Amino acid sequence: MSTSYEATGRVVAILDTEQVNDTFKKREFAIQIEDGQYPQQVKFQVVQDKTTMLDNFKEGQEVKVLFNLRGREFERKSDGRKDYWLNLDAWRIEALGEQPASNDK
């Protein structure tokens with residue numbers, strides 16, 4: 001089973017880099033994927049040295065995101081029940097089409 005996937009859409013959010021602890025940092029972003037009547041806004045993350053990849057992109061830009069599915073089981077501290085994490089870890093982002101108009105003057 002492959003865990004590598006791709007999605008295309010328009011960037012709707014690029015968040016700041018978050019230093020999670022001394023050795024781990026991440027940066028999240030979201031794209032809107034057209035899906036018929038109900039567009040989907042999907043959040044991805046980039047980690048470690050890949051956080052700077054997002055510096056080259058802007059909201060409104062059409063992109064293709066190549067990513068891996070990452071998940072794991074964990075135990076809730078509140079009640080000890082098992083639960084599951086799922087992350088979409090982007091490892092490559094490609095610009096599609098033309099760049100969005102800039103508001104910089």
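Thr8 stands opposite Lys64, and Lys64 sits in strand E5. That is one position in the pairing of E1, residues 4–14, with E5, residues 62–75. The two strands run antiparallel, and 7 bridges hold the pairing in the assignment. Before I go on: this is a predicted model, and every value I quote is computed from it.

E1 has another partner. Strand E3, residues 24–33, is joined to E1 by 4 bridges, again antiparallel. For a position to look at there, take Arg10, whose bridge partner in E3 is Gln32.

From E3 we can step on to E4. Strand E4 covers residues 40–47, and E3 pairs with E4 over 8 bridges in the antiparallel sense. Ala30 has Lys43 in E4 as its bridge partner. E3 and E4 form a hairpin with 6 residues between the strands. Within that hairpin, Gly36 has a positive phi, near 65 degrees.

Now the chain as a whole. It has 6 strands and 0 helices, so if you read the elements from the N terminus you get β-β-β-β-β-β. The C-alpha atoms fill a box of roughly 50 × 35 × 25 Å along the principal axes. The chain has 105 residues, and 26% of them are buried. If you take the contacts with a separation of 6 or more, 52% of them are between residues 24 or more positions apart. The accessible surface is about 7,700 Å², and carbon and sulfur atoms account for 46% of that. On charge, there are 16 positive and 19 negative, and the mean positions of the two sets are 3 Å apart.

Next, some individual residues, beginning with Val11. Val11 is in strand E1. Is Val11 buried or exposed? Its relative accessible area is 3%, and the cut-off for buried is under 20%, so Val11 counts as buried. What does Val11 touch, beyond residues up to four places away in sequence? The list is Ala30, Ile31, Lys58, Glu59, Gly60, Gln61 and Val63. Leu54 is not a member of that list, but I can give a separation for that pair: Val11 and Leu54 are 43 residues apart in sequence, and their C-alpha atoms are 10 Å apart in space.

Leu54 comes back with the next residue, Arg27. Arg27 is in strand E3. It is an arginine with a relative accessible area of 11%, which means it falls in the buried class. Where do the polar atoms of the Arg27 side chain go? One lies 3.2 Å from the backbone oxygen of Thr51. The side chain also makes a polar contact with the side chain of Asp55, at 2.7 Å. Both Thr51 and Asp55 are among the residues in contact with Arg27 once neighbours within four places are left aside. The others are Ile14, Leu15, Asp16, Thr17, Phe44, Gln45, Val46 and Leu54.

Asn68 is next, in strand E5. Asn68 is buried as well, because its relative accessibility is 16%. Which side chain does the side chain of Asn68 meet in a polar contact? That of Trp91, at 3.4 Å. Trp91 is also one of the contacts of Asn68 outside four places in sequence, along with Thr3, Ser4, Asn87, Leu88 and Asp89.

A second asparagine, Asn21, is in strand E2, residues 18–21. Asn21 counts as partly exposed, because its relative accessibility is 39%. The Asn21 side chain has a polar atom 2.9 Å from the backbone nitrogen of Thr23. That side chain also reaches the backbone nitrogen of Phe24, at 2.9 Å.

Last, Gln48. Gln48 is found in the loop between E4 and E5. At 30% relative accessibility, Gln48 is partly exposed. What is the phi of Gln48? It is near 55 degrees, a positive value, and the residue is not glycine. Most residues other than glycine have a negative phi, which is why I point it out.

To recap the pairings: E1 with E5 over 7 bridges, E1 with E3 over 4, and E3 with E4 over 8. For the side chains, the pairs to bring up on the screen are Arg27 with Asp55 and Asn68 with Trp91.

Methods
Residues numbered from 1 in each chain as written. Predicted model: local features only at pLDDT ≥ 70, side-chain atom pairs only at ≥ 80, totals over all residues. Heavy atoms only, no water. Pairing = 2+ DSSP bridges. Buried < 20%, exposed > 50% of the residue type's maximum accessible area, 1.4 Å probe, protein only. Contact = heavy atoms within 4.5 Å. Areas by Shrake-Rupley, 256 points an atom, 1.4 Å probe, with all protein chains shown as cover. Lys, Arg positive; Asp, Glu negative; His and termini not counted. Charge placed at Lys NZ, Arg CZ, Asp CG, Glu CD. Polar contact = N/O pair within 3.5 Å; in protein donor to acceptor, adjacent residues only side chain to side chain.
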